[in-house]
Structure formats: C-alpha cells, structure tokens
Amino acid sequence: MRGSILAMTLAVATTVATHQVQTVSMAEIAREYVRLVLALGHHDQDYVDAYYGPADVKAEADAAKLSLDDIAKTVSTVTEWIKGVPADGRDELSQLRHQYLLKQLSSMGARVRVLKGEHLSFDEESRALYDAVAPTYPDSHFQDVLDRLEKRFPGSGPLADRYDAWRRAFAIPREKVDPVFRAAIAACRERTLKHITLPAHESFTVEYVTNKSWSGYNWYKGNFTSLIQVNTDLPIYIDRAIDLACHEGYPGHHVYNALLEQHLVKERGWIEFTVYPLFSPQSLIAEGTANFGIEVAFPGKERIAFEQSTLFPIAGLDPARAPEYYEAQALVDELSYAGNEAARRYLDGTLDRAAASAWLERYGLMSHDRAAQRLRFFEQYRSYVINYNHGKDLVRRFIESRGGTAAHPDTRWREFETLLSSPRLPSGLR
Ligand SMILES: [Zn+2]
C-alpha cells in the first residue's frame, strides 16, 4: 500500500500536464482528500479534529507516510482533478461540494506552507486558511466601550479588577457546575428539537478537564455521538452554561456534525465529511454557527427568563440579579474583537507576549489568568480566533439576508438548519 497515493498522483499529474482529458470521479477525489487530511495530521497534531470514515482509508494514509512536499504536490493534483469534473447538471448542494473541496484543498496547501515555515501575516493566514479576514479596530473603539463600563463600575484601581470583583457573585460553585450544565444542555436540546429533526439515538457525553488553552471542546465521534469537554482551570461564570451547552451541543457543534453526517455522509455517501480538518474554512462555519446558535435557541428575554427560573437556583445564585448580570455582559461582549486584535498584533510581532497580555487585560477586560489562557490559545491556534466572532457575524448576516431575522424565528431556525446541513463556505456567506 505504501507509496500508492503518490504513484497514482504522479501518473495523473502527468496526464493533466499533457492536457489529455481524464475525469476523475468525485468519489475518488473525496477519498483522496480524506487521505490527504489524515496524512497532514501526521505532521500537525491539531489538524484532524474528527475522523469517523472508513478504516481502510486511514490505514492507507498512515502507511503512505507522505512528506509535507508530497502532500503539497498531491493537493495541486487533486485540485486539477476537481476543476476537470464537468459542471453540468449539478444541484446546489453538489455545486457547494465542488467549491468546498477546492477551498478546503487550497487551505490545506496554505497550512502546509505555514508548517514548512513560511511566514504569513495574521490576515493573510486567516484568508488562506479560513476564507475570511476579520475587521480591524483601533484602540479607541475599545476605549469607547471601556468608558461606558467605567460608568457602570465606578471606583478606583483598574477597571478589570472592579469588574472581576463584581462578577465573582456570578461564578458557579465547583460542585454545582455539572448539574447546571446538565440543565442547560437539556434546555438547549429541547429547544433545538422543536425546530430541527435530529437523527435518532444522537447523544453525547460530558467530561471535565484541566490544563487546556480552550474553555470547551466538542470531539465528534461519528454515528451521531460527541464527547464534550469542559475546562475547569478558571472560574466558570453562569453565562458559560447556556453558551457552552448551545455552542458545543445544541444547536452548535454536535448538531452541525450530526446533520452533516446524516445528510451528506449517510444520504449522499460524501466521505469527505467524515473528516474535519481544524485549520480550514469549515471551522469558520462551525464556530460561527455554534456562536450564533446561542441566540437562535435563546432569543432576547427568553434567556434571562430561563436563567432566573432554572439555572440561577440550581447554581445557588440570586435569581433577582440575572438581569443586572446580562445587562453588564452585553456591554462587555462589545469588547469581543479585542481578542482578535491582540492575536493579530501578537502574531504579527507588534506586541510581545507581556505587552499582548497587558493589552488583553486592559482592552479585553480579562483577568491576568484569563489573558494567559488566551495567549496559549493564540500560540496553539493562531488566526483561528476570528472564526468565533467574525464567523458569528458572517453567519448572522447570511441568515438575516434570507429572512431569518429575530422577528421571524421559524425562518431563522429553518435557514440555520439548512446552513448546518450544507457544505457552504465563508466566502459563500457574503
Ligand atoms: Zn467551537
């Protein structure tokens, strides 16, 4: 088996070079794409986020031991194959699939170049890997929000400390974290099931972990199951329960992966969706939908009502203070792009590690420990950070442009489900 991918690749590359007409089937292309993603996983331990496809494809990819140069060459070859597939008679999903594979491969080529040491700026990298560039904001943008927060939390000493002291009353006590999460997950699932038909027997398990650069993670296992991990390194505030339950579970990552498996893998046999390359355009769709899904499931005042009636009591927090908490959080959320800004400046070298930490503490209103965790995230995942907030904004605009506004919740759910079930790309959201 060893070397077979490269041998086949070189044979076809020769064919392409001599302009002979040779059409490779989409099934064959998809299989080669999966092998390439798995092969790159040997050079980049974070690259393969999930794989539940055929074991023989994985065995072939493992045995071939492709070098980064081999992968880059094969990416070019498979790209030519895709371009050679006739466009006639494709339905919308098939067209999206075609575009999707081209962009995913182009992104893979960029990730290979980064791994080989090529320097891309933050924005160049995000465009190459995620098919999007996040907007840039000056310090004054964040300062305006901080000025409003100053009025909300008057006093002396750093604003971040005052905010932190106030917020302490809303941390979930350690022994209450699991029951609060379970209640949040049950509510997210119930709300999602009212609008989206999920595969029978879908399920996930929750684990609590430590020493991670992220706060939560969904590991999709295939067959409609996920493992969700929640990081307990830092205090978990009450808003994280709904945020994480929606984002990692319903209607976020777990639902996205289950719908792709159902509609694209099982119904259409498109095996490229059995593998999920983390550093790829698919991640912007995944993170953007997972974040936007929070307000799809809990629009407007419904969230506070649920928190007051259910989550605050389970956590042992004062339900009367829920509106106060979410009012202040809405203001703090306006600082969300401070994370991108710090990552861009740190990775582009205009801020060193200590300065980036201080900048995050000031403009992102983070505790020192939280800023340290974010820096570890930037180092591990780099421009991936844009997928959360810029991804959410792109997803929101796309769904609203199709009539899925807050005033039309049924349309919003329907468009959301359609997006979760299709291989749409970030540039296809505009
Ligand atoms: Zn996520």
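1. Strands S3 and S4 form a hairpin with two residues between them, and asparagine 223 in the turn has a positive phi of about 55°. Strands here are DSSP runs of E with at least two residues, and helices are runs of H or I with at least four, numbered from the N terminus. S3 (residues 216-222) and S4 (residues 225-231) run antiparallel and are joined by six bridges, where pairing requires that DSSP finds at least two bridges between two strands. One of the bridge partners is serine 226 in S4, which is matched with tyrosine 220. S3 is mostly covered, with five of its seven residues buried, a word that stands for under 20% relative accessible area, with exposed over 50% and partly exposed in between (1.4 Å probe, protein chains only).

2. A word on the basis of these remarks: this is a predicted model, in which local features need pLDDT of at least 70 and side-chain atom pairs count only at pLDDT 80 or more, while totals for chains, interfaces and linings use all residues. Residues are numbered from 1 along each chain as its sequence is written, and side-chain values use heavy atoms, with hydrogens and water left out.

3. Which protein donors does the zinc ion have? They are His247 (NE2), His253 (NE2) and Glu287 (OE), lying 2.0 to 2.1 Å from the ion; donors are N, O and S atoms within 2.8 Å of the metal (3.2 Å for Na, K and Ca), and sites may look incomplete because water is not among the atoms. Histidine 247 in helix H10 (residues 239-249) and glutamate 287 in helix H12 (residues 281-297) are 40 residues apart, so this pair links distant parts of the chain. Histidine 247 is buried, with a relative accessible area of 7%, and glutamate 287 also counts as buried, at 6%.

4. The largest nonpolar core has 142 residues, and Met108, Leu149 and Ile238 have the most contacts inside it. Such a core is a set of buried Ala, Val, Leu, Ile, Met, Phe, Trp, Tyr and Cys residues joined through side-chain atoms within 4.5 Å. Helix H2 (residues 26-41) gives the largest share of this core, 10 residues. In soluble globular proteins, nonpolar side chains tend to be buried together.

5. Arginine 111 belongs to helix H5 (residues 92-115). Is this residue buried or exposed? Arginine 111 counts as buried, because its relative accessibility is 8%. Leaving out residues up to four places away in sequence, arginine 111 touches Leu40, Asp44, Tyr47, Leu129 and Phe279, where contact means heavy atoms within 4.5 Å.
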